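Biologist: Hello! Could you walk me through this model, starting with its pocket and then moving on to a strand?
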Amino acid sequence: MNKIEPFKNIDKALHALDNGGRFYNLLTQANDGLIVEAELSKVAGLFNNKQQMMLFLDISISKLDDEKKEEVISKLEIELREAYLKYKPLHIIPSQAYTRGKLGENTIITGTPTLKESKDELIGFIMIPILSGEVTTFSMIPLIDLYDVYELRDEPSDTSFLIAHIKDREKLPNRKIRVAGVLKELKSDIDEKVASKRFLEAVYHQEID
């Protein structure tokens, strides 16, 4: 999970986002008043993942006022504006993850993370696709085998929600932050037919001043 420092003013936002793309994007011009996918993917550090790009964009302009946010969005090429509307993240707190959250959609959850260090505690299983030739099968893998798992706590209600952070990355701070990712299902055991739990597969986080 990458930490994002939001832009503090519109000029810095447009300068960073309207950047000309990578060196091989020969037809993309910097500072031409149009932000295209190649430029957004460069600053977000991504390739061909519009859903995660919209997570990055939402957090990166979060400190701008509504008028300035709209100005940035207006500079996006039409395909990116459509993607922003499609993937615009839901902002919630942990206690709202089950009542308002939707599986597979971009979600930003605010709370205080605590690392679950016990490897003996069964947290749950996730389904991993395995491609063999033209056949795709699925394997159930314990969440803690692939991720560092945190409880993100909702201070007003003292409710927590699980977030999964790729192993071997910098640990999250034990303070109030915003975590951005995709809401996914989590099975309590391998034989469970319908998942009873959820978790947030984290992509970015933002520390709160």
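Modeller: Happy to, and do keep in mind that this is a predicted model. Within the largest pocket, α4 gives the most to the lining, with four residues.

Biologist: Which elements give two or more residues to the lining of the largest pocket?

Modeller: The pocket has a volume of about 260 Å³, and 13 residues line it. Those lying nearest its centre are Asp58, Lys69, Glu70, Tyr84 and Lys88. The elements that give two or more residues to this lining are α4 (66–74) and α5 (78–87).

Biologist: How many residues of each class are in the lining of the largest pocket?

Modeller: Let's go class by class, as the side chains are mixed. The polar class supplies two residues and the nonpolar class five. The charged class supplies six.

Biologist: Thanks! Now for β3: how many of its residues are buried?

Modeller: Strand β3 covers residues 106–115 and has ten residues. Here, buried means under 20% relative accessible area. By that cut-off β3 is mostly covered, and the number buried is eight.

Biologist: Which strand runs parallel to β3?

Modeller: Let's check its partners in turn. Strand β8 (residues 177–186) pairs with β3 over six bridges in the antiparallel sense, with threonine 110 opposite arginine 178. Strand β6 (residues 147–154) is also antiparallel to β3, joined by four bridges, and there leucine 115 faces tyrosine 150. Three bridges, with isoleucine 92 opposite isoleucine 109, link β3 to its parallel partner, β2 (residues 90–92).

Notes: Residues numbered from 1 in each chain as written. Predicted model: local features only at pLDDT ≥ 70, side-chain atom pairs only at ≥ 80, totals over all residues. Heavy atoms only, no water. 1 Å grid on protein atoms, 1.4 Å probe; cavity = no way out; pocket = protein on both sides within 12 Å on 5 of 7 lines; lining within 4 Å. Points joined across faces, edges and corners; volume = space filled by probe spheres on them. Nonpolar A, V, L, I, M, F, W, Y, C, P; charged D, E, K, R; others polar. Buried < 20%, exposed > 50% of the residue type's maximum accessible area, 1.4 Å probe, protein only. Pairing = 2+ DSSP bridges.
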